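Colleague: Got a minute to go through this one with me? Here it is.

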Amino acid sequence: MTTKPWSLEQCLAEFPKRDVSGITIWRQMLEGRNWNDVRRQTMDAGLEVVSLCRGGFFPAVTLSGRQAAIDDNLVAIEQAHAIGAPLIVLVCGAIPGLSLSESRKQIADGIAAVLPAAESAGVKLAIEPLHPMYAGDRSAVNTMRQAHEICEALDSPSSLGIAIDVYHVWWDPELKEQIELAGRTRRLHAFHICDWKTPTKDLLNDRGLMGEGCINIREISDWVDDAGFTGHREVEIFSDRWWAADQGAFLDEIRSSYVKLYGNEVIDPS
Ligand code: ZN
């Protein structure tokens, strides 16, 4: 999604040229494609599939709506299994008019309904807490603490965990402790980085390159490392501004901002 204007083929051709070793594939990229071909293509390109984005959106005002969400997540599990994605990132959902606590209850019930399928497919699920500015319509899970509460209630340490995205949680005064808890409980499943621009012009699509904004990315990243996370650091930038630019040049910028942050390590756009 970071290089949204590109096709899958362009991503697979261009990412390795910048030492990118993994890719998260969004479900719309799979439309009209054979899932096994996607698995083969990414393997041939030498890229690891980090995760499938995205499942979730469980809350609904009707029972049939809730069931449709569960069915859709079951399809996502099949897709993840087929393309070789070990993980599905969950944007859990929220519905205007439904209370946040009711939404969270429906989210927990929805995850519980699909967890057995995920477990038997060997696909992990990661709850991604979203910034509270999305509590109206994208996710009623807005903090690491709330994500932990759902993980705790469903008790599936091998399959259900948390995706940390600095854009969503950097402001949380409990962040360090919650990351430590995620490490102790083996719930750290994914780590997304970008930056929060000030001012932010668009609530969805004005994310910054690392270093363009005010997030203490390296500090948070060190907490994540200290908690034992060894997965990919995924660059995830939704940006109308960058999507309007040449994507090769954008990827070069991503690479240099990553190197500035971490030194010469491998980079991973999502
Ligand atoms: Zn993310």
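Colleague: What's the phi of Gly-228, positive or negative?
Modeller: Gly-228, which comes after H8, has a positive phi, near 95 degrees. Helices here are DSSP runs of H or I with at least four residues, strands are E runs of at least two, and both are numbered from the N terminus.

Colleague: Any caveats?
Modeller: It's a predicted model, so local features need pLDDT of at least 70 and side-chain atom pairs pLDDT 80 or more, while totals for chains, interfaces and linings use all residues. Residues count from 1 along each chain as its sequence is written, and side-chain values use heavy atoms, without hydrogens and water.

Colleague: Back to H8, which residues are buried?
Modeller: Ile-217, Ile-220, Ser-221, Trp-223 and Val-224 are buried, meaning under 20% relative accessible area with a 1.4 Å probe, protein chains only. They line one face of the helix, because down its axis they fall within an arc of 155 degrees, taken from the directions from the axis to the C-beta atoms.

Colleague: And what covers them?
Modeller: S5, S6, S7, H6, H7 and H10 are among the elements in contact, that is, with heavy atoms within 4.5 Å.

Colleague: OK, strands. Why is S6 called largely enclosed?
Modeller: Because 6 of the 6 residues in S6 (188–193) are buried.

Colleague: What does S6 pair with?
Modeller: S5, parallel, with 4 bridges, and S7, also parallel, over 3 bridges; pairing takes at least two DSSP bridges. Ile-193 has Val-235 in S7 as its bridge partner.

Technical notes. Buried < 20%, exposed > 50% of the residue type's maximum accessible area, 1.4 Å probe, protein only.
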